[in-house]
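Hello,

Here is the structure you asked about. Please open it alongside this note; the findings follow below.

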Amino acid sequence: MDEIENARRAHLSIPGPLADSPLLLNATHSYQNPILHKTELSSTPANPEVFAKLQAMIRDREAESHEPDSMGSISLAQMKMQATKAWVGSVEQEHDMWYRVRHHDLLQSLLARGSLPFHWPERVENPGLSEPQTLSSAYKEARDLGFAIPEQFLEAGERSSYGEKEAFYAATEFAENRCTFDLSDIDHAKMREVRQLSSSFLIPNWRPGAAPFVADQLWIVQGPEETVRFLVLEIDGEHHMNQRNQKRDEQRDAYFIDLGYEVYRVAGWWARIDPFRVIGDFLSQALGMTSFKSAFDFAPGNIREYVCFACNKPMVRWDDNWISADYRYLHEGDLSEEDSERVFVHRQCQCEG
Ligand SMILES: [Zn+2]
């Protein structure tokens, strides 16, 4: 797709009054005020015999002395992992199910057993590939599990909205600690506390028989001292801005909080222009990351200011390097390097070298 044409369409789609809205619309919690869930193991082992055997082996091995990183200490670490597995029992089925559709009850049962999944379907090793699960696919899987899903839901939502897709792609780049922004070491360490990120997370409806709620993104993040946090991130479209829908969103957020989720809402229209900044604002609030402000050296408060200095056409941050800094002489007669000023341009409009 042509970068400038893509940017032009994204800009045209955004109603004037929303162009200077905040990126983060609402947050029920923050890194200073999180909801923590204990991840302690249950009080009895699932496989007592296997567990006892492994414990004895670990004791024997520990009695011998081993240099760190030697074969002995590596196999000791493996034995300890096996022992944890023997305690938790087999969660293979649950992890398989997590791969198909992620939902509240499944998460609760995994949490109770002290085993949260590290893998998720959209996790890819290669950048540029992650797409969120579509609503219709999530609904189909949910129906197979016994959730009540009205027939029209299965046909609707065959595709995710453009803003949701962009936000999910940017989110994956951050969650995989892969983006090229200049973040501080502390913030990179914070990114490593993200245990998993997936799309289309189902939460049963409070009204019996009604279709489940679908949260756009679920982030599972390591908390202090054997705890985890469950962050729901919603990419709100323009229709969330009317009063009736805002009331509905408030009700839904309160219900999610009761179930143990922190809820963050970001502007879907901003996600069409600068998804990386949208996720950056969310992470600053949710994880307390502080280096984003300097990492996004181009960050105007109004969408209309996303204009290329070189060609004067609209810009979007379609990938982390699609808005580039460039140096230009702004005044006639400027010739020395010190006279050039930093401006922002489309990646393709950058001067060579
Ligand atoms: Zn340009």
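**G237 and its surroundings**

G237 counts as partly exposed, because 15 C-beta neighbours fall inside 10 Å of this residue. Bear in mind that the model is predicted. G237 sits in the loop that links β6 (227–236) to α10. Leaving aside residues up to four places away in sequence, G237 touches S161, G163 and G268. R159 is another residue to look at. G237 and R159 are 78 residues apart in sequence, and their C-alpha atoms are 15 Å apart in space.

**Helix α10**

Now follow the chain into α10. This helix covers residues 243–258, which makes 16 residues. Does its length match or differ from what 1.5 Å a residue predicts? The expected span is 22 Å and the end C-alpha atoms are 23 Å apart, so the two agree. Just after α10 comes G260, with a positive phi of about 105°.

**The cores**

The largest nonpolar core holds 63 residues. The residues with the most contacts inside this core are A167, V232, Y264, V266, V278, I279 and F282. Which domains feed this core? Domain 1 (21–41 + 90–295) and domain 3 (303–349) each supply at least three residues.

V266 is worth a closer look. Not counting residues up to four places away in sequence, V266 touches L23, L24 and L25. On the same basis, V266 also touches A167, L233, I235, D236, A271, V278, D281 and F282.

Another core lies apart from the largest one. This other core has 5 residues, among them F51, A83, A86 and W87.

**The whole chain**

Last, the overall picture. The protein chain has 13 helices and 9 strands. Its C-alpha trace spans about 80 × 60 × 35 Å along the principal axes. Of the 353 residues in the protein chain, 32% are buried. Among contacts with a separation of 6 or more, 68% join residues 24 or more positions apart.

The chain divides into three parts: domain 1 (21–41 + 90–295), domain 2 (48–86) and domain 3 (303–349). How far apart are the C-alpha centres of domain 2 and domain 3? They lie 58 Å apart.

Best wishes

Notes
Residues numbered from 1 in each chain as written. Predicted model: local features only at pLDDT ≥ 70, side-chain atom pairs only at ≥ 80, totals over all residues. Helix = DSSP H or I, 4+ residues; strand = E, 2+ residues; numbered from the N terminus. Buried ≥ 20, exposed ≤ 12 C-beta atoms within 10 Å, placed from the backbone. Contact = placed C-beta atoms within 7 Å. Domains from an automatic or database assignment. Expected span 1.5 Å × (residues − 1). Core = buried A, V, L, I, M, F, W, Y, C linked by C-beta atoms within 7 Å.
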